[in-house]
Amino acid sequence: MSLTAEIEQGIDCLLSEPPYGMDSERRQRGLLSLFKAEIAFACEKNASYANYVKHWPADFRTAQIIADLPYLPVGVFKANPPLSLISSEDVKRTLTSSATTGQVPSRIVLDAATSRRMGKGVLTIARDFIGSARRPYLVVDTPENLATQAQIGARGAAIQALRSFATEIVCCLQPTPGGEPRLDLDRILSCAAEWKDNEVLVYGFTYVIWMQFVQSLKSAGIKLDLPNARVLHSGGWKRLEEQAVTREAFSRDVAAVFGCPRSNIIDYYGMVENVGVIYPDCEYGNKHVPTFADIIVRDPLTLAPVAMGGKGLIQVCSVLPTSFPGFLLLTEDTAEVSSYDRCSCGRKGPSFRFAGRVPKAEVRGCGNLESKRQRQPEIVGVA
Amino acid sequence: MITTEVVQVVDSTREITAAATRLRDVVRDEEIVPQTVLEIFENWSDALGDREFQEIPGLAFLRLWLRRGTLEPILQRELGPNALSGGWWEDGRARLRAFPLGLIGHWPAANIEIQPALSLTCALLAGNCCLVRVPSSLVDVNRRIMEKLQEADRSGIVTRRFFAASFDYSRMDLQEAMAQSVDGAMIWGGADAVSQIRKLTFPHWSRLLVFGPRVSAAAMDATTWGNAEERTTWCRRIARDVWQFDQQACSSPQTLFLERSDTCDPADFVDDLRKAFEEENVAHPRQEIAPSLTSAISLVRASWLLTNNGTSAVFPQAPDWTILLGKGATMSNPTQGRTLTVLVVDDLLEAISKFDGTLQTLGLGISDPEREEILTRAAGRNGVDRIVKLGRMHVFSSPWDGTELIRPLVRMVRHVQSQE
């Protein structure tokens, strides 16, 4: 069997398993050989990546655990052209991360196969948390994020990943000439009246839900009567932390606005570089890793995996991508390992709690050279 | 006997102005000659020899700096022939003598443990009194270092000439109070820190000595790095320069230029360098690291190798150290964290010709003195201020950053006899 076929079959096999049914030991065995095959495949396709793997301190072919395999830091996807394992004709879509002003976004190239797996991966995970029924899908964002484009941002990708659950899609924010989107209140109220006791799926970036949706409805004194709404949100807490909004306050107020139980508000962790995998919070506040992925939390001092309860840098591992070398990625986020196979929610595999983002590295001390000296032109004629 | 807390936590501008007033009285009323200060410094150096001080980064340099043998020649060169006794010296029909500038404020960098002490010594040798802001992260270590000065200076001759204060960097009221009190300042650190302090309102007469951000590099000719017998020693010297101050100092080498050799393989040199780094890491393992530095190290390893234009690298799994090997004549951007970029270049002059004023120290390993002379002159022309042997890149000496360390802190008083 060719390497490509072997990989394809291995991924499909894992994707068809229940997402949280495999214990950590069995998962390790299955994933390790598949990751090795993917690394070998990527080395064939990309000489630069092969150069990186060649210089890794240990030979990946003899690795006994996933933690010993060569991983890439996510920052490498900010390179231009994007790090890729496919020819430009095979690029179906390019995903970009949500970089803040002045930052360079990551760019991830997807071919048809990776794109398909991405959809299936998110679907499999989300189904475990919200059920498989199709239902109205309320997007707390503007309609342009729904458009199918060759280049798509993190928000658009997250919104579109949940499309398969939708019987209809309603975007409740409208763009304005000033740039700040406006909540379409009439639309919301009419949808709420129509959907009432139905299951409803809601998705939005965390800060967008809070600032554009919850605050607007609260200030108007409006509560929607949607007791079966399930609200998924992602995108990080930085902006809300700046406004001193706690997770508890967020869940409480969002639940109050929708008129649904607080347990229906689900935060998940994810990133475009780890395409097809999302890590929703279970009812015990832990984030879970599906069968086709793994997570390693590494001690910043040694980069060795931490023991249960330890904190460190998150390495995400996913077998899904074959269009870019994103199988094993060291993120710039930190987490604490909650447990292996022992979460009270019953989901097997590792679980963790997000701890925060690593601040941007700064060159420190008197060797901190931020700007080059310029040879000044001679100043003449100074009185 | 220790009578007062040697580094005091300060919370009000009143405490700073009170200290400044007292110190101004001392500097006006009590002359001190360099000879006296040297004696006390000699004792201080001895006192710092206790085993418990050995782990303080840079302490060996401080002890060496405090020695009479180091400081006497500097004083004589900078302040004149009779400088040690505080006497006048003839200058044609006039005579000259160094008098202290007055009260000197010190803003040391937060990454060099011994810098508050080093900065202080320059001003004390010039007969000044001093206000020192000890960065919060360095308070404990400097308390220990300065307590040894108190021990060595039992009569308090030198100790009563300075006030070491600790307060948060963001307390602009205290920074302002300090700036407004001084006749001169020694300001050290990174771009942000230096710019912030320079913005403070200093009196119009005050002299500012700014030792701002710089980077450093190293260079070796083909004969030197190609010599398999001596290579191990050179590699140890480089490792020592990289390890000191965790590569955060302005004198830390970030890039090593190797002159291309027709007979030797740079990979062999890198292999010896790897062994030296491994040994240094065993001797001086890192105790902690900022996660952001770990991320930066991981990223530079990957980015370097992914460029794949003949690049290679050697590093362990841990972020302990990294050697990046490639070709080129342009300094790499510093990552710090014991990350050394080794660049093979056809001609070292090509690399040196690209230096600008950002490069402070050039550590050299050159076999031919004539060749070294050519390289040194080229480096000087291109803004390099210190050119030293590899392994000695951090040895503190005057001038530093191209500036004398003591002379700018005195006023040279000229006297012409009125009866003449």
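The following dialogue examines a predicted model and the definitions behind its descriptions.

Mentor: In this predicted model, local features need pLDDT of at least 70 and side-chain atom pairs count only at pLDDT 80 or more, whereas totals for chains, interfaces and linings use all residues. Residues are numbered from 1 along each chain as its sequence is written, and chains are lettered from A and ligands numbered from 1 in the order in which they are written.

Trainee: What is the mean pLDDT of chain B, and how many of its residues reach 70 or more?

Mentor: The term pLDDT denotes the predictor's confidence in each residue, from 0 to 100. The mean for chain B is 94, and 99% of its residues reach 70 or more. The model as a whole scores ipTM 0.91 and pTM 0.89.

Trainee: Into which domains is chain B divided?

Mentor: Domain 1 covers 7–212 + 401–415 and domain 2 covers 215–389; such bounds come from an automatic or database domain assignment. Taken over C-alpha atoms, the centres of domain 1 and domain 2 of chain B are separated by 33 Å.

Trainee: What makes residues of the two domains of chain B count as in contact, and how many are there on each side?

Mentor: Contact requires that the C-beta atoms of two residues, placed from the backbone, lie within 7 Å. Six residues of domain 1 of chain B are in contact with six residues of domain 2 of chain B. On the domain 1 side, two are nonpolar, three polar and one charged. Here Ala, Val, Leu, Ile, Met, Phe, Trp, Tyr, Cys and Pro count as nonpolar, Asp, Glu, Lys and Arg as charged, and the others, Gly among them, as polar.

Trainee: Which element supplies the largest share of the side of chain B that touches chain A?

Mentor: In total, 43 residues of chain B are in contact with 36 residues of chain A. The largest share of the chain B side, 12 residues, comes from α12(B). The residues of that side divide into 23 nonpolar, 16 polar and four charged.

Trainee: Why is α14 of chain B called a helix, and what span is expected for it?

Mentor: A helix is a DSSP run of H or I of at least four residues, a strand a run of E of at least two, both numbered from the N terminus. Helix α14(B), residues 369–381, has 13 residues and therefore satisfies the helix minimum. The expected span is 1.5 Å times one less than the number of residues; α14(B) reaches 18 Å from its first C-alpha to its last, close to the 18 Å expected. After α14(B) comes B:Gly383, whose phi is positive, near 95°.

Trainee: How do you know that β2 and β3 of chain B pair?

Mentor: Pairing requires that DSSP finds at least two bridges between two strands. Three bridges join β2(B) to β3(B), so the criterion is met, and the strands run antiparallel. Within β3(B), B:Arg95 is the bridge partner of B:Glu90.

Trainee: Why are β2 and β16 of chain B said to stand at the edges?

Mentor: The open sheet has the order β2-β3-β16 in chain B, with antiparallel pairing. Both β2(B) and β16(B) have a single partner strand, so one side of each is left without a neighbour in the sheet.

Trainee: What makes β13 and β17 of chain A a pair?

Mentor: They share two bridges in the antiparallel sense, so they meet the minimum for pairing. A:Phe352 in β17(A) is the bridge partner of A:Lys287. Seven bridges also join β16(A) to β17(A), again antiparallel.
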